[in-house]
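Welcome, and thanks for taking a look at this one. Please have the sequence and the 3D view open side by side while you read.

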Amino acid sequence: MNGARILLVVSGGIAAYKAAALASTLVQKGAIVDVILTADAERFIAPLTFAALTARPVYCSLWDAPERIPHIRLVREAELAIVVPATANILAKLRTGIADDLATTALLAARIPILLAPAMNAAMYENATTSENIAALQARGYEIVEPESGFLAEREHGVGRLASEERLLEAIQNVRARRRSLVGKRVLVTAGPSQEPFDPVRFIGNASTGATGIALADEAARRGANVTLLLGPTLLPPPHGVRTERFATAQELLELALRESRECDLTIAAAAVADWRPSEISAEKRKKSDETLHVDLERTPDVLAAIVAAGGSRCVVGFAAETNDHELHARDKMERKKLDAIVLNDVSGGAGFGLQENRLLLLLRSGERVDLGRANKRALAGRLLDALEPLLKGNP
Ligand SMILES: Cc1cc2nc3c(=O)[nH]c(=O)nc-3n(C[C@H](O)[C@H](O)[C@H](O)COP(=O)(O)O)c2cc1C
């Protein structure tokens, strides 16, 4: 932790006193810790305690030294922020974007990883609103350090006790390690559907939203990679800090992918590219008639095979969305296209497309099989990169 810049946000829960012990441990390990207290946290513990432990000023109000714009400065100077304890209230505010004090305004302005350590009464924690807030925040990239089960302040047992200091430190270490794990690597991600027009207003497309690829690009950028995202037609916004090029058709994607995969360490092809396109595109909108419309379809270019053949990317990972005989088809696709790995996405019954939750299985060329489990797309992106990073080791 030597020299680590950590922003510790303390909200108003009974476990606020444990944040002081955490601040002390972080300082002893060599970290530089800035502390923000919410107004209600000050009811539980004095700013003075943190000032003494960190040997730094403690921040409690947006209005103390506004000329230094503390909410922006504090998150720019830190490499990560951790909220200990995170009250039900601050979780709800973070989910909805309420920024009515220094803590919530700073966290809203943060582009650094944010860890949240919820701690509260079991009924508050199990309340559907809190559960939904936590799930939504996790899906957006916040790291949740789950509370534990044990003795609560209300003199009853239940889930809601702040994670142990050991687990908090481990979570901080993991985020710091991940932050640097792809520094110096170039990563290309393709995402979203393609649209193959047959007249100026109609096209053949599919239900992909690009959410998986967007989460992967975001996660790779958070780990320090130089990321390019090739994004098809979707309403989802591309992630911050990722160079994004848009495509509509498979042909456009092919041209971009060949250019952008040059000198890449890793290409992840998550785009759901149409396999067929209309052979002819009418220059004018086809008139509606009662007759059956026949449209001839031809194969679109095989983007993945072209990326591999061009040889610009050291490691190429494909996606297989299968509805039956999943593993067999996915392995076959990996062999045929000479991929380093393939991610199997079971889309039977419409699962996978657009939904925030997904289930993924990673098959490696070595024969290894990594079940990434069922989780939201953000968490799966992290697990997938964890599993792919060893493939990049030893590459020049
Ligand atoms: C004695 C006491 C203990 C509390 N403990 C917790 C707690 O552990 N977790 C929690 O979410 N809220 C707890 N609350 C409620 C919060 O203090 C309250 O929701 C407050 O508005 C939180 O403000 P903040 O999120 O801005 O810090 C407690 C309240 C009291 C009076």
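The sections below go from the whole chain to its domains, the ligand shell and one pair of helices.

## The whole chain

Let's begin with the overall picture, bearing in mind that this is a predicted model. The protein contains 14 helices and 20 strands. Measured out along the principal axes, its C-alpha trace spans about 75 × 55 × 45 Å.

Of its 396 residues, 43% count as buried. Sequence separation is worth a glance too: among contacts between residues at least 6 apart in sequence, 69% join residues at least 24 apart.

## Two domains and where they touch

You can divide the protein into domain 1, covering 5-180, and domain 2, covering 186-392. Taken over C-alpha atoms, the centres of domain 1 and domain 2 are separated by 36 Å.

Where the domains meet, 9 residues of domain 1 are in contact with 9 residues of domain 2. On the side of domain 1 that touches domain 2, α8 (128-139) and α9 (165-180) each supply at least two residues. Helix α9 gives the most to this side, with 3 residues. Sorted by class, the side of domain 1 that touches domain 2 has 5 charged, 2 polar and 2 nonpolar residues.

## Around the ligand

Now for the ligand, which has 15 residues around it. Which of them come nearest? They are Gly-12, Gly-13, Thr-38, Thr-87 and Met-120.

Helix α5, residues 88-96, gives the most to the shell around the ligand, contributing 3 residues. By class, the shell has 8 nonpolar, 6 polar and 1 charged residues.

## A pair of packed helices

Two packed helices are described by the angle between their axes and the distance between the axes. Here, helix α1 (residues 16-28) packs with helix α3 (residues 47-54) at an angle of about 10 degrees, and their axes are 9 Å apart. Angles under 35 degrees count as roughly parallel, so α1 is roughly parallel to α3.

Which residues make this contact? From α1 come Ala-20, Ala-23, Ser-24 and Val-27, and they meet Thr-49, Phe-50, Leu-53 and Thr-54 of α3. The residues of the contact of α1 with α3 divide into 5 nonpolar and 3 polar, with no charged ones.

Technical notes. Residues numbered from 1 in each chain as written. Predicted model: local features only at pLDDT ≥ 70, side-chain atom pairs only at ≥ 80, totals over all residues. Domains from an automatic or database assignment. Contact = placed C-beta atoms within 7 Å. Helix = DSSP H or I, 4+ residues; strand = E, 2+ residues; numbered from the N terminus. Nonpolar A, V, L, I, M, F, W, Y, C, P; charged D, E, K, R; others polar. Near = placed C-beta within 6 Å. Axes fitted to C-alpha atoms, helices over the stretch in contact; angles between N-to-C directions. Parallel < 35°, antiparallel > 145°, perpendicular 65-115°, else oblique. Buried ≥ 20, exposed ≤ 12 C-beta atoms within 10 Å, placed from the backbone.
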